[in-house]
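Here are a few exercises on charged side chains and where they sit. Keep the viewer open and try each one before reading its solution.

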Amino acid sequence: TWHLKKIPQIVRERTFSLDSPKFEAKTKLELNSVCGIECQRKLPVPSLSDLKNLLSYETVFENGTRTLTEVNVLGAALDPAGNTTTRRPLRKKRQIYGTDSRFSIYDKRFMTNFPFNTAVKISTGCSGILVSPKHVLTAAHCLHNGKDYVKGSKRLRVGLMKTKSRGNGRKRKGTSDGMPSFQWTRVKSTHIPKGWFKGVSGDIALDYDYAVLELKRPHKKKYMELGISPTIKMMPGSMIHFSGFDNDRSGQLVYRFCSISDESNDLFYQYCDAEPGSTGSGIYLRLKEPNKKKWKRKIIAVYSGHQWVDINGEQQDYNVAVRITPLKYAQICFWIHGNDENCTQG
């Protein structure tokens with residue numbers, strides 16, 4: 001069952017104008033030298049002043065202007081347990097684990113209907129998910145490398161799926177049935193938490209690898225609601241689901257589900273088969289609504305991708321997702337609604 005949780009409040013304190021970004025960073029679909037499982041265990045619990053700094057955020061607008069908004073955090077429960085994880089055996093380098101368990105969705109009845117229609121393509125080469133009539137959730141590193149915004153993010157666009165039309169009942173030359181084409185929409189503004197930037201968190205901290213894009217015009221499609229990420233024990237079969245546009249299956253929507261193997265307060269470590277391109281996909285669960293017989297899908301994490309980390313002097317890899325904690329729910333909800341009145345219960 002989805003359990004209702006009281007959400008902390010994110011309150012806007014001050015907004016400053018910043019210089020326009022250079023937009024010179026290279027897009028990286030795989031990250032190196034990030035804080036991984038071992039490093040997460042040693043991280044101290046953030047204090048309230050740390051949280052205010054980490055959850056302050058930059059906004060970049062379509063015309064290239066940029067602001068920094070400082071926030072206050074009210075009602076946050078600071079977890080004294082820290083970033084605890086369960087120890088698991090290390091695993092070897094690979095992206096597809098054993099048999100490739102991904103499904104390409106070809107049938108347009110599925111592709112253009114919920115939940116698959118919520119998957120979108122980001123023009124920098126990543127995926128994302130529709131979270132409101134005008135907003136898309138994706139990974140921060142699809143837009144910013146920790147120091148600067150990536151080249152393609154200056155004229156950022158989001159591709160919404162539509163199936164290719166057939167003229168007079170005949171297939172047009174060069175098109176194949178079941179391959180999505182995209183209706184591209186411009187992005188009006190982008191929000192990225194300050195915790196993602198190098199210099200704030202020291203090294204790149206995956207905990208803050210998420211961003212929200214506001215579209216220039218509403219998309220008129222069904223979107224997926226945000227949910228608070230439950231612990232592994234509270235998930236049916238520890239299973240998660242997500243769809244994205246993997247680079248090795250060009251032009252196809254790729255769906256997968258798998259179980260989570262490990263967790264910290266902010267991250268899920270899992271064995272989902274995924275290739276670059278699916279980064280930024282929304283990870284969702286289907287649980288029962290409280291006191292109802294209805295089941296509901298909600299986004300509980302953002303897929304950050306296939307990561308290489310140094311563990312005990314050796315390069316190891318894992319697939320990782322950023323959990324939507326009550327604090328992140330409050331922030332993303334605040335970005336979507338512009339106030340915290342609609343974000344009290346998650």
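**Exercise 1.** Does Glu58 count as buried or exposed, and at what relative accessibility?

Solution. Keep in mind that this is a predicted model. Start with the cut-off: buried means under 20% relative accessible area. Glu58 has 9% relative accessibility, so Glu58 counts as buried. Now look for a partner: the side chain of Glu58 meets that of Arg66 in a salt bridge, at 3.2 Å from N to O. Run the cut-off on the partner too: Arg66 comes in at 17% relative accessibility and therefore counts as buried.

**Exercise 2.** Find the salt bridge between Lys134 and Glu214, and work out which parts of the chain the pair links.

Solution. First, the distance: the closest N and O atoms of Lys134 and Glu214 are 3.8 Å apart. A salt bridge here needs nitrogen and oxygen within 4 Å, so the pair makes the cut. Next, place both ends: Lys134 lies in the loop between β6 (127–130) and β7 (135–138), while Glu214 belongs to strand β10 (residues 211–215). That puts the two residues 80 residues apart, a link between distant parts of the chain. Finally, check exposure: Lys134, at 22% relative accessibility, counts as partly exposed, whereas Glu214 is buried, with a relative accessible area of 18%.

**Exercise 3.** Which residues are joined with Glu214 into one network by salt bridges that share partners?

Solution. Go back to Glu214 and look for another lysine. Lys188 forms a salt bridge with Glu214, with 3.8 Å between the closest N and O atoms. This pair also links distant parts of the chain: Lys188 is in strand β9 (residues 180–193) and Glu214 in strand β10, 26 residues apart. Lys188 has 36% relative accessibility, so Lys188 counts as partly exposed. Put the pieces together, and Lys134, Lys188 and Glu214 form one network through shared partners.

**Exercise 4.** Zoom out: how many salt bridges does a search of the whole structure find, and what does the chain around them look like?

Solution. The search turns up 7 salt bridges. For the fold, count 4 helices and 17 strands. For burial, 55% of the 346 residues of the chain count as buried. For contacts, take those with a separation of 6 or more: 74% of them are between residues 24 or more positions apart. Last, the surface: the accessible area of the chain is about 16,200 Å², and carbon and sulfur atoms hold 49% of that.

Methods
Residues are numbered from 1 along each chain as its sequence is written. This is a predicted model: local features need pLDDT of at least 70, side-chain atom pairs count only at pLDDT 80 or more; totals for chains, interfaces and linings use all residues. Side-chain values use heavy atoms; hydrogens and water are left out. Buried means under 20% relative accessible area, exposed over 50%, partly exposed in between (1.4 Å probe, protein chains only). Contact means heavy atoms within 4.5 Å. Accessible areas come from the Shrake-Rupley method with a 1.4 Å probe; for residues, only the protein chains shown count as cover.
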